[in-house]
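Me: I would like to learn how to read a protein model step by step, beginning with its sheets. Could you take me through it slowly?

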Amino acid sequence: MMAGSKMSAPLALVLVLSVLLTGVAHAAGHEMDPYKILGVTRSASQAEIKKVYKRLAKEWHPDKNKSPGAEDMFIKITKSYEILSSEDKRANYDRYGQTDDTQPYGGNSRYGQRQEGFYFDESFFNFPFNSKNQRDFADSKYTLHFNQYVNEVVPDSYKRPYLIKITSDWCFSCIHIEPVWKEVVQEMETLGVGIGVVDVGYERRLANHLGAHRTPSILGVINGKVTFFHYAVAKEHLRQFVEDLLPQRLVEWVTDKNYLQFLSSWHELNKPHVLLFDQVPVVPLLYKLTAFAYKDYLQFGYVDQGLSETADLQKQFNINTYAPTMLVFKESIEKPADIIQAKGMKKQIIDEFMSNNRFLLVPRLVNQKLFDELCPVKQFHRRRKYCVLLITGDEETFSFGNQAFLSFASTNSKEVVRFSYVYQRLQQPLCDIFMQNKDTAESPAQVVILERRNAAGKALFKPVTAWNGSDDDKQRLLEELERLQKDPSILVHDAMLPELNNEFASMFVIRWIYASYDYLSEVIDDILHNNWREMMPLLSLIFSALFILFGTVVVQAFSDSSEDKQTKPKAKDWTKSENGSPGNGSASSRPPKKNFVEVTELTDITYMSNLVKLRPGHMNIVLVLTDASKNILLSKYAKEVYSFTGSLTLHFSFLNIDKHGEWMDTLLEYAQDAMQIDEDDAGNHKMDYTGYVLALNGHKKYLCLFKPVYTGEDIDSKSSEDEGAASGGRSRSSSRDDNPPRRSKRSRSLSTLQIHHKLDRLGLWMERLMEGTLPRSYIPTWPGLDKITPSK
């Protein structure tokens, strides 16, 4: 009994473990039901599954759904769609109830083993983190470093787009996208798309440079610009993403109606034209990628053989409808220069075909880049390259000679000789050297043979003949080429060639408009997907610009608001030195920027800009003078106001009273009460305004008046000095007393004052003006300055 119980205990333990392990294996095999996750029946069609998937992916996308389980649910939805959208995976699940994550199709695999009726999942015991050999394929082949990205990927992105994955070792979601990523990489790499992988753990600098702040992330790089992938990680979505990276105007749709216009543009664009005939209703991605890689050399068009609008075109060129056909047209639009036809066109075959047809038979030199490729610099003795250059024009008189030169070049079979032509009018500096200082405007077309010796521009050349396309010209050129093969020393002239003008520079504006359109499209796409972290630099730039603009308007509108608040003068601010100059309380101003004073005359022409329409906060300091006192007063005026020329709000002018005396009378009539002109002055038939200075605020319509002051040394004149200062500005005593000061008879007799002493106290008056403590006289409107006072 004891022995039986001892034997039954291990047996019971084995039975319990078997049941538990069988239950675990059964649960692991059925924990993910793609039909249940997507909410479709087992008989659902592919169209129904795809429709449901799009709806659920949009609903559970982590960028839009912020619930805690949204990311896990989104991964399950994506994985379920991967299973049900593939006929093989769906059939395997329907038959065995297995997915790629739970068990392989066969008995043995790296994922696990089925033995003795239950399934052991090795991933339960082996974590994939920090173990690169556990991934579906080796990412190390595509690993990018910062210097490699800057020096290799970015320049190469102008020829082909790049698809880059941002990952890390401790990333749960990265494991789920590995199967899809592997399939996409295998397909895109064969098409010519660049592939890259950035491990955040090792290349944090590159990840920050790309703007990738989470893993996993997928982005594209084209023309040096980074674009993020926002959709569910599915093969179809990534393929569409790569296609959307490419510019929209790479390939032109060609039909019977526009094919002549398309092929005839070879002369204007200076490029061969390529036509692809195929039966698919969309342009193949491989063809678009080829068009992007060779966009600087070739113009691409696509002909859909399934359209009735292309029947005549197919018949004209005898196109086989059973295989894609590619034609290259150069100078002749009636007969293709080259043709290729195959059912499965590989990238290597297409690249070789395009490389052999990059140039026209006789291309025009339109920029330095094309010149460097057509006429490369000599590198080795056995690899000499000679260029036969026709210097001609685009007028009708040169057309026969140009056509004859093309006919001659088409018979050339020597690889070391390239033919090209250049327009004198567009490449004048280059033509002047080859024409040997002739008058190129009147010279006929000229043929030159040249060999470039170094990249600095040195070249050997020989003018062959004046070219008009005759048989004699062709014979002389042929003899020179034969002599050149035997004796390269016949190139007796040498020169330093200038860099060619870029004749297509005017197309920059159009390219900029297209690039701006593509950029705005990406910005709108980013906003729709709420990718705020990546949008922060752009949003910061926009709001900064708006803030600066708004702040500028506000500051300009209220720049003169301080003028409405007059500050009361303090006694300590007006301490004077012994010579009467202002002391510590002088108004601060910027130091002068120039060593002279710019003074303009106030006339009927400058009246509106210098006074009536003067900007808010600005003032015009106007000196009143006559023809006789002009030179003396302007010299004294410049010395007195020089220290104030650093102010950006002050403008300096002078008014000729001999011409505009009526204007002065009208202006002071408005300000008579405020300026306290006494009865004796008012009774004079003719006031002498010589030496007066007006501070005019055109925006607020007020003025401050300075009257001449004599600063003689006699005692009697000192009273005149104080009283005169009070009439232009207030002295210390007058600031406390409201009674108007009385002036002496000597101060009223301005005709007896020396002219150069009239502006002695102008500097003090300017200090008071800058502080805003001078009395102001407001006027209803500025009088017109269009009338000139007749001289008597």
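Me: In strand 5, which residue does Ile 164 stand opposite?

Reply: Bear in mind from the outset that this is a predicted model. Paired strands are read by asking which residues face each other, and here Ile 164 stands opposite Leu 219 in strand 5. That pair belongs to the contact between strand 3 (residues 162-167) and strand 5 (residues 217-222), which run antiparallel and are joined by five bridges.

Me: How many strands does the open sheet with the order 4-3-5-6 have?

Reply: That open sheet has four strands, and its pairing is mixed. Strand 4 (194-199) and strand 6 (225-228) stand at the edges with a single partner strand each, so one side of each has no neighbour in the sheet. From one strand to the next, the twist averages 25 degrees. Helix 9 (residues 235-245) packs on this sheet, where it touches strand 3, strand 5 and strand 6, and its direction makes about 25 degrees with that of strand 5.

Me: Is Ile 177 buried or exposed?

Reply: A residue counts as buried when its relative accessible area is under 20%. Ile 177 has 10% relative accessibility and therefore counts as buried. This residue is found in helix 7 (residues 172-191), and, leaving aside residues up to four places away in sequence, it touches Lys 165, Pro 216 and Val 233. Positions far apart in the sequence can also be compared in space: Ile 177 and Lys 79 are 98 residues apart along the chain, while their C-alpha atoms are separated by 8.8 Å.

Me: How should I read a strand in which both faces are covered, such as strand 10?

Reply: In a regular strand, the side chains alternate between the two faces of the sheet. For strand 10 (residues 325-329), five of its five residues are buried, with Thr 325, Leu 327 and Phe 329 on one side and Met 326 and Val 328 on the other. Strand 10 also pairs with strand 8 (residues 273-278), running antiparallel to it over five bridges, and Leu 276 stands opposite Met 326 there. A further antiparallel pairing, over four bridges, links strand 10 with strand 11 (residues 338-341), and in it Leu 327 stands opposite Ile 339.

Me: How many of the residues of strand 14 are buried?

Reply: Eight of the eight residues of strand 14 (residues 445-452) are buried, so the strand is largely enclosed by the rest of the structure. One side carries Ala 445, Val 447, Ile 449 and Glu 451, while the other carries Gln 446, Val 448, Leu 450 and Arg 452. Strand 12 (residues 386-392) is joined to strand 14 by five bridges in an antiparallel arrangement, and the bridge partner of Ile 391 in strand 14 is Gln 446. Strand 14 also pairs with strand 15 (residues 458-467), in the antiparallel sense over eight bridges, and these two strands form a hairpin with five residues between them, where Gly 457 in the turn has a positive phi of about 120 degrees.

Me: Which strands stand at the edges of the open sheet of six strands?

Reply: The order of that sheet is 17-19-18-20-21-22, and its pairing is mixed. Strand 17 (599-601) and strand 22 (777-778) stand at the edges, each with a single partner strand, so one side of each is left without a neighbour in the sheet. Strand 17 pairs with strand 19 (residues 650-656) in the parallel sense over three bridges, and Phe 652 in strand 19 is the bridge partner of Val 599. Helix 29 (residues 762-771) packs on the sheet and touches strand 18, strand 19, strand 20 and strand 21, its direction making about 155 degrees with that of strand 21.

Me: Which residues form a nonpolar patch on the surface?

Reply: The patch is formed by Ile 542, Phe 543 and Leu 546, which together have about 310 Å² of accessible area. Phe 543 lies in helix 20 (residues 532-557) and is exposed, with a relative accessible area of 56%. For the chain as a whole, 44% of the 792 residues count as buried.

Conventions: Residues numbered from 1 in each chain as written. Predicted model: local features only at pLDDT ≥ 70, side-chain atom pairs only at ≥ 80, totals over all residues. Heavy atoms only, no water. Pairing = 2+ DSSP bridges. Contact = heavy atoms within 4.5 Å. Axes fitted to C-alpha atoms, helices over the stretch in contact; angles between N-to-C directions. Patch = residues over 30% accessible without salt bridge, like charges linked within 9 Å, V, L, I, M, F, W, Y side chains within 5 Å. Areas by Shrake-Rupley, 256 points an atom, 1.4 Å probe, with all protein chains shown as cover. Salt bridge = Lys/Arg side-chain N within 4 Å of Asp/Glu carboxyl O. Buried < 20%, exposed > 50% of the residue type's maximum accessible area, 1.4 Å probe, protein only.
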